[in-house]
Amino acid sequence: MIKKLILRLTGILMTSYGLMFIIIYLNLLKMNYTFIEYLIYILTHAECLIIFMGIILIVISFRKEKDYELYI
């Protein structure tokens, strides 16, 4: 249970950190970047890719653990 909580909190922090940079880099659209160039820029910077690792951690934390108990 503690492991799931730590994974979930870490995932939320990583997702919010990555999303913060994606929102900050929206200013590039005002500097005559096209949307495709913006997406390429976002997908090539590590601080923006952290959002995907955070989402993966959140999904992993919601997985149900297998019960190895024998029901008769």
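This report describes the helices H1 and H3 of a predicted model, together with the residues that are buried in them.

## Helix H1

Helix H1 runs over residues 2-24, and its 23 residues should span 33 Å at 1.5 Å a residue, which agrees with the 33 Å that separates its end C-alpha atoms. The buried residues of this helix are Gly11, Thr15, Gly18, Phe21 and Ile22, and they pack against two other helices, namely H2 (35-43) and H3 (46-62).

## Thr15 within H1

Thr15, which is found in helix H1, has a relative accessibility of 17% and therefore counts as buried, given that the cut-off for a buried residue is under 20% relative accessible area. When its neighbours within four places in sequence are left aside, Thr15 is in contact with Ile51, Gly54, Ile55 and Ile58. Of these partners, Ile51 and Gly54 are listed among the buried residues of H3.

## Helix H3

From its first C-alpha to its last, H3 reaches 25 Å with 17 residues, a value close to the 24 Å expected at 1.5 Å a residue. The buried residues in H3 are Cys48, Ile50, Ile51, Gly54, Leu57 and Ser61. Seen down the axis of H3, these buried residues fall within an arc of 145°, so they line one face of the helix.

On the other side of H3, Ala46, Ile56 and Val59 are exposed, whereas the buried residues of H3 are covered by elements that include H1 and H2.

Terms used. Residues are numbered from 1 along each chain as its sequence is written. This is a predicted model: local features need pLDDT of at least 70, side-chain atom pairs count only at pLDDT 80 or more; totals for chains, interfaces and linings use all residues. Side-chain values use heavy atoms; hydrogens and water are left out. Helices (H or I, at least four residues) and strands (E, at least two) are DSSP runs, numbered from the N terminus. The expected span of a helix is 1.5 Å times one less than its number of residues. Buried means under 20% relative accessible area, exposed over 50%, partly exposed in between (1.4 Å probe, protein chains only). Contact means heavy atoms within 4.5 Å. The arc is that of the directions from the helix axis to the C-beta atoms.
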